Amino acid sequence: MPSPVTTRVCLHSKEKPGAGLRQLTRVQGSGCRNRRNGRISSPSLAAAGGLGQDAPGTPSSGRWRKKSRVWCLHTEGGLTCLSRALTSWLLLPLFQLNQLEEAADAAHTFFMANPEHMEMQQDIENYKTMTGKVHLVDREAKPHMENYSTGVRHYDQEEYALAIESLERALRGYYTADVECRVMCEGPQRFEEYEYLEYKADLYEAIADHYMQILLCQHECVRELATRPGRLSPIENYLPLHYDYLQFAYYRVGEYVKALECAKSYLLFHPDDEAVLENADYYNSLLEETMDPETIKPREEAAKFLRRHKLESDLLQMGATGLGFVYTEPVTTCSSSLPLQVPSGVNSELADGPALSLGKKPAPKMDRELREGGSLLYSDVQFVYNSQQLNGTQRVLLDNVISEEECQELRRVANGIMLAGDGYRGKSSPHTPNEKFEGATVLKALKFGYEGRVPLKSARLFYDVSEKARRIVESYFRLNSTLYFSYTHMVCRTALPGQQEKRNDLSHPIHADNCLLDPEASECWKEPPAYTFRDYSALLYMNTDFEGGEFIFTEMDAKTVTASIKPKCGRMISFSSGGENPHGVKAVTKGQRCAVALWFTLDPLYRELERIQADEVIAMLDQEHLGASDLNINPKDEL
């Protein structure tokens, strides 16, 4: 009989709200309210039992809503969220009132929902120094979720008794919060804006509509309780994960009855999970000599939760038919992936079973087949390291992508076209006050070439090397579809004199390119304002005459470095853009570091507009072989 192992693949479908339903507007405590008039509207549909991650709702454009204490404005341009903005507004008055500890907590609260906000991170460090306060308080934290995170940390450190204590506390907190959430859905019928003026229903229709609205709101509590403050998307498989962690933790402390109880509780949510089914069989074998394992039942609160959820789903389906709106219960098949060890002290027969080392959680799942090792296309390009050698997923390091002469030519172009703060709304030091950031796009380079401000041949080189890089990335990762440019940017970071002593910051903070990295939760949230459409990234370096500036990959904690790369002329690092590849740049402490930064997408809808325009210019040049006089170019420029 093999020892307990839980290695699984997670598949989930995203929910599509029914066309006849108004979208949820929720306040803390999970009541569904509209900020303008306090009226409740019908919620979007939640994933059953908190088992999966469903798509955020799509409220009417131009209306404010509050969800998990996050104010969001839906406009034609997309979603703008002021996560915990009220907390950030408290900072200045608290500071001026000399209430520094409260200001530190306010800054920390804001940062928990905005981990990419580097200025706030620096403020937190300053508050810690001024107050001597080490442990900061998140004033918006959900207790059940805090206990869950604590339990997972203890589990990862193999502190199983402490993990059990925290996870059990998290479960009790979850079910209490569920009751409170459902109570907040009760009340008079709610309308958005002035919908009640056009509302027409007889008595029985109005009663049915009212209670259907309450039922939808209560159904949404599953999603609400699985969503971290400041986030739009819930944690996948949130409630079942408690039982999954507990079943193995109880096994490791020798409480086999509770291990089997938790395994059976988990199987209520995922009855076909082969790994936990194997674990349950193993726990049965440990107990069958002393008791009848069949007398051990799943936990009543889990069974009751699922029975209620199924009944609600059936009622919603029936109500949808009777009231004429569309309701689809999302189909979710999702289970966790918890790396475990073969228990110590087991006999040789058990040791022959599958064994995985207990360590960091696996990298985030990719939504496409992972392949690499394709042709580099150009004979001069030199392969250096692959994903395995770089300790990650979908990574490659190459040398000699461009020559020394091409590097020097690109540096000359950079000196002629760079603009401070380009791409960052003119902020010359967007990431650190100790460096100056400059950038330029490929279309700008061609424009300067037309105007004679830089040689057109040099401007075209920028275009050509970026296209060369795109082709290499597409070929090496063996993509089945065309890779399009999402953004092309020549960038230089320059160390500012007199500001380099005792630096402890980064030139570019640790981040992921298509999701919001949340180191504390070990998650990367693929939602706005992240560039969620980016699929692959590449950096082509142009020089080495500077100090610092190493490119680094890290774990999801944004601290543990897994690979460090020293830039040099012609070197290119490329990788997939998701949370599997957190990365950043160490401080540039002397000189100027320049590179061509490239982001790619597989979705043609998100092609870079300036790149399309540049393609048209280059196509014209290639097809017509226009000379300098035809283009009204400075005669000193040569193609």
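# Strands, sulfurs and rings

Visitor: Over how many bridges do β9 and β10 pair?

Guide: The two strands run in the antiparallel sense. One spot to look at in this predicted model is Ala440, whose bridge partner in β10 is Met490. Overall, the pairing of β9 and β10 covers six bridges.

Visitor: And which residue in β9 is the bridge partner of Ala420?

Guide: For that one, go to strand β8, residues 419-420. β8 pairs with β9 in the antiparallel sense, over two bridges. In β9, Ala420 is matched with Glu438.

Visitor: How many of the six residues of strand β9 are buried?

Guide: Strand β9 covers residues 435-440, and a residue counts as buried when its relative accessible area is under 20%. The strand is largely enclosed by the rest of the structure because the buried ones number five of the six.

Visitor: Let's talk cysteines. How many disulfides does a search of the whole structure find?

Guide: A disulfide is a covalent bond between the sulfur atoms of two cysteines. Here a pair of sulfurs has to lie within 2.5 Å to count. With that cut-off, the search of the whole structure gives five.

Visitor: Is the disulfide of Cys181 and Cys221 left-handed or right-handed?

Guide: The sulfurs of Cys181 and Cys221 are 1.9 Å apart. The bond links distant parts of the chain, with Cys181 in helix α6 (residues 160-183) and Cys221 in helix α8 (residues 221-225), 40 residues apart. The torsion about the S-S bond is about -95°, so this disulfide is left-handed.

Visitor: What relative accessible area does Cys221 have?

Guide: Start with its partner, Cys181, which is buried with a relative accessible area of 1%. Cys221 is buried too, and its relative accessible area is 0%.

Visitor: How far apart in sequence are the parts that Cys185 and Cys217 tie together?

Guide: Cys185 and Cys217 are joined with an S to S distance of 2.1 Å, and the torsion of about -70° makes this disulfide left-handed. Both Cys185 and Cys217 are buried. Cys185 lies in the loop between α6 and α7 (203-219) and Cys217 in helix α7, so the parts tied together are apart in sequence by 32 residues.

Visitor: What about Cys492 and Cys594: is that disulfide left-handed or right-handed?

Guide: Their sulfur atoms sit 2.0 Å apart. Cys492 is in strand β10 (residues 484-495) and Cys594 in strand β20 (residues 588-601), so the pair ties together parts that are 102 residues apart in sequence. Cys492 counts as buried at 1% relative accessibility, and Cys594 is buried at 0%. The S-S torsion is about 110°, so this disulfide is right-handed.

Visitor: On to aromatics. Are the rings of Tyr174 and Tyr238 stacked, edge-to-face or tilted?

Guide: Planes under 30 degrees apart count as stacked and over 60 as edge-to-face. Tyr174 is buried, and so is Tyr238. The pair ties together parts 64 residues apart in sequence, because Tyr174 lies in helix α6 and Tyr238 in helix α9 (residues 238-252). The ring centres are 5.9 Å apart and the planes are at 45°, so the pair is tilted.

Visitor: Over the ring of which residue does the charged end of Lys468 sit?

Guide: There's a charge over a ring at Arg453 as well, with its charged end over Phe448, 3.8 Å from the ring centre. For Lys468, the distance to the ring centre is 4.8 Å. The ring under the charged end of Lys468 belongs to Tyr378.

Visitor: Which are the edge strands of the open sheet of four strands?

Guide: The order in this sheet is β11-β19-β16-β17, with antiparallel pairing. The twist from one strand to the next averages 20°. An edge strand here pairs on one side only, and that holds for β11 (506-511) and β17.

Visitor: Which residue of β19 stands opposite Phe553?

Guide: Phe553 has a partner on the β17 side, namely Ala563, where β16 (residues 551-554) and β17 (residues 561-565) pair over four bridges. β16 also pairs with strand β19 (residues 583-586), in the antiparallel sense over three bridges. In β19, the residue opposite Phe553 is His583.

Terms used
Residues numbered from 1 in each chain as written. Predicted model: local features only at pLDDT ≥ 70, side-chain atom pairs only at ≥ 80, totals over all residues. Heavy atoms only, no water. Pairing = 2+ DSSP bridges. Buried < 20%, exposed > 50% of the residue type's maximum accessible area, 1.4 Å probe, protein only. Phe/Tyr/Trp six-rings, centres within 6.5 Å; stacked < 30°, edge-to-face > 60°. Lys NZ or Arg CZ within 6 Å of the ring centre and 35° of its normal. Axes fitted to C-alpha atoms, helices over the stretch in contact; angles between N-to-C directions.
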